[in-house]
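Here are a few exercises to help you find your way around. Try each task yourself before reading its solution.

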Amino acid sequence: MKNKKLYLFDIDGTLILGNKPIDGAEKVIKEIREKGKKLMLFTNNSSRTRAEYVEKFKKMNIDILEEEIVTAGYMLGEYLIEKKNNPSIFLVGTKSLKKLLEDMGIKVIEEPQKVGGRYNVDYVAVALDSELNYQKIVTACELLSEGVEYLAANPDFVYPVEGGKFLPDCGAICKMLEYAVKRKPLFLGKPSREILDYCIKKNGVSKGETVIVGDRLYTDIACGYDNSCDTILVLTGESKREDVKNSPYKPDYILESIKDIEI
């Protein structure tokens, strides 16, 4: 990996677990900077803004710039702006994500109304929602049953926290909605090409000069596998070594932890 110019790191399960850094994270990031290389953190966790992630890492003594972070929530906003002027959405997501999207110029409607026989929202947008309540689910089902377009931040079913435990992620919420309305969303986070292309273009490098480092086979590794970009699977999060055998997404390298990466 010494020939790489850009390192794309997943966050949860790769650099941190909950509110604790994984051993070696600070050292590897420091070494990348010292050698004049570039890094970005690209995460499917859409519950926080980029500024909130900067503060979170700062508390762990890891310095990250806001422009070095791209979240699935941010990509959701980029997609909406590109596809429609003055887009409006009903959001299943956190207050932090709501603020991020509103700051990007997207109208978030909390109580959609029918106007002329149609609801006054362009999209239903779903993300990791630690503030989820049943009324949000009911409203999303009503809108989706009426044919409103359907987007989601990321397909992850769970995300890792401290103590080897997992909590439901965006994909789990979407699966619940699928059972009710028989519809699937367009996912915009990993493993979609859009989030990888954004990082590569922003840093002026090629896919051959880039490596993806993550803990999930079906998002992090799939993102590289599907888009001809080298990958490193670390075993500090969701995936275990034995999972690789049965996965269609094979990493180029498997390491116990981020601390084992040679920059």
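Buried means under 20% relative accessible area, exposed means over 50%, and partly exposed lies in between (1.4 Å probe, protein chains only). This is a predicted model: local features need pLDDT of at least 70, side-chain atom pairs count only at pLDDT 80 or more, and totals for chains, interfaces and linings use all residues. Residues are numbered from 1 along each chain as its sequence is written, and side-chain values use heavy atoms, with hydrogens and water left out.

**Exercise 1. Work out the strand order of the open sheet of 6 strands, and find its edges.**

Strands (E, at least two residues) and helices (H or I, at least four) are DSSP runs, numbered from the N terminus. Two strands pair if DSSP finds at least two bridges between them.

- Step 1: The order reads 5-4-1-15-16-17, with parallel pairing.
- Step 2: Strand 5 (69-71) and strand 17 (253-255) each have a single partner strand, so one side of each has no neighbour in the sheet.
- Step 3: Check the strand 5 end: strand 4 (residues 38-43) pairs with strand 5 over 3 bridges, and T43 sits opposite T71.

**Exercise 2. Is strand 15 mostly covered or not, and what surrounds it?**

- Step 1: Count the residues: 5 of its 5 are buried.
- Step 2: Look at each face: T210, I212 and G214 are buried on one side, and V211 and V213 on the other. In a regular strand, side chains alternate between the two faces of the sheet.
- Step 3: Go to the neighbours. Strand 1 runs parallel to strand 15, joined by 4 bridges, with L8 opposite I212. Strand 16 is also parallel to strand 15, again with 4 bridges, and V213 faces I232.
- Step 4: Follow the chain from strand 15 through helix 8 to strand 16, and you trace a right-handed β-α-β crossover (with the strands pointing away from the viewer, the path from the first strand over the helix to the second runs clockwise).

**Exercise 3. Describe how helix 3 (residues 72-83) and helix 4 (residues 95-103) cross.**

- Step 1: Their axes come within 10 Å and cross at roughly 35°. Axes are lines fitted to C-alpha atoms, for helices over the stretch in contact, and angles run from 0 to 180 degrees between N-to-C directions.
- Step 2: List the contact residues (contact means heavy atoms within 4.5 Å): G73, Y74, L76 and G77 from helix 3, and L97, L100 and L101 from helix 4.
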